[in-house]
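Me: Please take one part of this structure and go through it closely. Begin with how two packed helices run, then work outwards.

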Amino acid sequence: MARRTAFFISDRTGLTSESMGKALLDQFEGVTFKHATYPFVDTPEKARAMLQIINAAFEQSNLKPLVFTSIINPEIRAIIKTCNGLHLSFFDAFLGTIERELGLAARNKAGRSHGITDTERYDARMEAVNFSLNHDDGISGKDLKDADVILMGVSRSGKTPTCLYLALQYGIRAANYPLTPDDLESTELPRMVKPYKDKIFGLTIAPERLQAIRQERRPDSNYSSFATCKREVADAQNMFRQHNIPCTNTTDKSVEELAAQIMQSCRLQRRF
C-alpha cells in the first residue's frame, strides 16, 4: 500500500493534534504514514500557505492526505477545510457537543494548555526538571530526601528519559540511580539510596534489548556483551525481589506508559 501523508496542524504548538492524531493512526496496521507537523498556523495567510502544501501533497501522490487540526479560530479552520485532503478537526468533533451539554458557548480563543499563562504551574515544572537533571545517574545524593520517586536500574534501562518525562508532564521530582557492577556484587541496596527505600521504583529490561541499546553506545565491548547484559539484569531483579522494590519491564513500553504506571504504582500526585 502506498505511503499516506498525515498532517498535524495547530494554531499553537501542535502537540495536541499530533498526539491525538498519531494515537488514531496507530490503530491501522499495514499502512505507512509520512508525518508532517505545522505549529502556529494562526493567521489566514498562514492557513492559505498551508492549503498549498496539503494540495501539493495530494497532487504528488493522488491520495488524500489525512489532515488533523487543533485550530480554534473558525475562519482559519474554514480555510483548511477546503483542502484536497480528509480534514479531521478535534474542535469540530467535540466543541458543539460540549456546548450543548453545558449550555455555554465556547470562547473560541487560542488554548492555554501549552503556554506560560500560569506562572506557578510553569515554575513547578521547571523546578522538577532541574531536580531531575541534578539527580541524574546518581550524580548527587544531596536533597535526595526531597525526591518523589527514585528510579533504579542498570545502565541504559530507560531511567533518564522517564525521569524527565515525569518532571515535564507531572511536575514530579524524579531522581535516578544507575546500578553499577560494584552495586550488583551484593543484593544490598546501594548506600546512597538505602535511606529512601520507600521511594525506589525499579526498571528492568530484556537482556536482548539492553544489548542492542548498549551496542550503539559502546560497540563490541564487555559493557555491551550479551553475557554482561544478562548477568546485570538478573542481579538487578534479584535485588528488587530481595527488598520488595516495585518494578516494571521497560522493553516494550513507551516513556508515556512508563510514567503513567509509575504515577499509579507509587501513588504520586500531579503537581499541576
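Reply: Helices α5 and α6 are roughly antiparallel to each other. Angles over 145 degrees earn that label; under 35 counts as roughly parallel, 65 to 115 as roughly perpendicular, and the rest as oblique. Here the axes of α5 (residues 119-134) and α6 (residues 159-170) cross at roughly 165 degrees and come within 7 Å. Each axis is a line fitted to C-alpha atoms, for helices over the stretch in contact, and angles run from 0 to 180 degrees between N-to-C directions. Helices are DSSP runs of H or I, at least four residues, and strands are runs of E, at least two; both are numbered from the N terminus.

The model is predicted: local features need pLDDT of at least 70, side-chain atom pairs count only at pLDDT 80 or more, and totals for chains, interfaces and linings use all residues. Residues are numbered from 1 along each chain as its sequence is written, and side-chain values use heavy atoms, leaving out hydrogens and water.

The crossing of α5 past α6 is right-handed. That means the near helix is turned clockwise from the far one by less than a right angle; anticlockwise would be left-handed. On the α5 side, the contacts come from R125, M126, A128, V129, S132 and L133. They meet C163, L164, A167 and L168 of α6. Contact means heavy atoms within 4.5 Å.

Now take L168, in helix α6. Beyond its neighbours within four places in sequence, L168 is in contact with R125, M126, V129 and F272. L168 is partly exposed, at 37% relative accessible area. The cut-offs: buried is under 20%, exposed over 50%, partly exposed in between, with a 1.4 Å probe and protein chains only. F131 and L168 lie 37 residues apart in sequence, and their C-alpha atoms are 11 Å apart.

Another helix pair gives a contrast. Helices α2 (residues 44-61) and α3 (residues 74-81) cross at roughly 15 degrees, their axes coming within 9 Å. They are therefore roughly parallel to each other. The crossing of α2 past α3 is right-handed. P44, A47, R48, M50 and L51 of α2 meet E75, I76, I79 and I80 of α3.

Last, the domains. Domain 1 covers 4-102 and domain 2 covers 119-266. These bounds come from an automatic or database domain assignment. Over C-alpha atoms, the centres of the two domains are 37 Å apart.
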